[in-house]
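Good morning, everyone, and thank you for making time for this. I would like to walk you through one protein with its ligand, so please keep the picture in view while I talk.

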Amino acid sequence: TTKALAGKVAVVTGAGSGIGKASAIRFAQEGARVAVLELTSDTAQETKREIEQAGGEALVLECDVSDPESVRRAIGEVGAAWGRIDVVFANAGINGAAAPIETMEIEDWNKTLETNLRGTFATVKYAIPFLKKEGGSVVITSSINGNRDFSGTGFAAYSSSKAGQVAFAKMAALELGRYKIRVNVICPGAIDTNIGKNTFPSDDLQEIAIPVEYPEGSHPLKGKPGKPEEVAKLVLFLASDESSHVSGTEIYVDGAESLL
Ligand code: NAD
């Protein structure tokens with residue numbers, strides 16, 4: 001049987017950890033050559049090592065998605081190396097600073113929006129000239145937070161960036177359909193990754209904390225967060241031709257958590 005992404009080139013941002021890493025590996029297992037875009041190369045090199053162990057091919061590129069010029073350069077290098085881009089997974093993101101709106105620093109707001117929302121825009125923007133050639137698939141990682149679920153007080157910046165990504169994905173799907181480029185956005189619930197390490201709660205966050213009561217066993221499907229590999233299965237579906245008529249859609253991958 002032919003692999004789902006045989007002959008394709010995929011770009012994955014934030015591919016050194018969590019959802020991006022699991023998806024990069026999955027893409028490679030399905031035959032894609034994978035560009036691993038990450039802030040620093042050590043984690044990216046580990047992803048590359050695992051891809052090669054699975055018999056795949058990877059290219060590590062240092063890239064800060066909050067810096068549009070860095071994104072332009074990295075995507076240009078993928079094009080120069082492999083001559084095509086078929087799949088873009090705009091996934092890099094941070095929780096960033098969590099604080100009451102009243103005391104949230106402007107720089108902290110900017111950092112979150114520049115990474116999550118403007119970073120997504122830059123990633124898609126600079127990939128379009130390559131995607132246009134033969135059509136392709138863009139997948140964007142948003143969150144349940146900011147779309148169905150608003151339970152994390154202090155996350156006004158994060159939630160705004162994540163909601164913005166959904167609107168951006170829909171506009172992009174409309175605009176890029178003529179080039180046979182599909183665009184979809186995924187909204188994960190809690191997933192077991194390293195993202196908590198880049199959450200910075202302010203000292204006064206407690207003042208606005210709203211207690212969230214979850215029923216016994218908490219998570220509706222299995223009582224615990226999902227795994228990055230479970231998200232990767234959805235990303236693969238959206239990246240591949242199995243979803244050939246799916247575009248402009250937001251898909252929740254949260255085991256019904258956002259319905260609590
Ligand atoms: P993670 O921290 O394990 O991985 C994210 C990766 O992105 C890291 O390797 C990090 O270095 C990289 N990154 C951060 N800023 C970057 C930048 N400016 N440029 C390039 N790379 C950068 O976290 P994850 O959970 O795998 O997060 C991936 C995406 O999933 C994020 O967009 C996040 O908002 C979203 N998400 C995660 C959860 C969850 O519970 N883990 C839930 C909903 C949505």
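Let me begin at the ligand, where helix α1, residues 18–29, gives the most to the surrounding shell, with 3 residues; helices here are DSSP runs of H or I with at least four residues, strands are runs of E with at least two, and both are numbered from the N terminus. Before going further, please note that this is a predicted model, in which local features need pLDDT of at least 70 and side-chain atom pairs count only at pLDDT 80 or more, while totals for chains, interfaces and linings use all residues. Residues are numbered from 1 along each chain as its sequence is written.

Of the 27 residues around the ligand, the ones that come nearest are Gly14, Ser17, Gly18, Gly93 and Thr193, where being near means that the C-beta atom, placed from the backbone, lies within 6 Å.

Now to the sheet. Strands of a sheet pair through backbone hydrogen bonds, either parallel or antiparallel. Which kind of pairing is found in this sheet? The pairing is parallel, and 7 strands form an open sheet in the order β3-β2-β1-β4-β6-β7-β9, with two strands counted as paired if DSSP finds at least two bridges between them. The edge strands, each pairing on one side only, are β3 (57–62) and β9 (250–253). Further in, strand β1 (residues 9–13) and strand β4 (residues 87–90) are joined in the parallel sense over 3 bridges, and Ala10 has Val87 in β4 as its bridge partner.

Finally, the whole protein has 6 helices and 9 strands, and its C-alpha atoms fill a box of roughly 55 × 40 × 35 Å along the principal axes.
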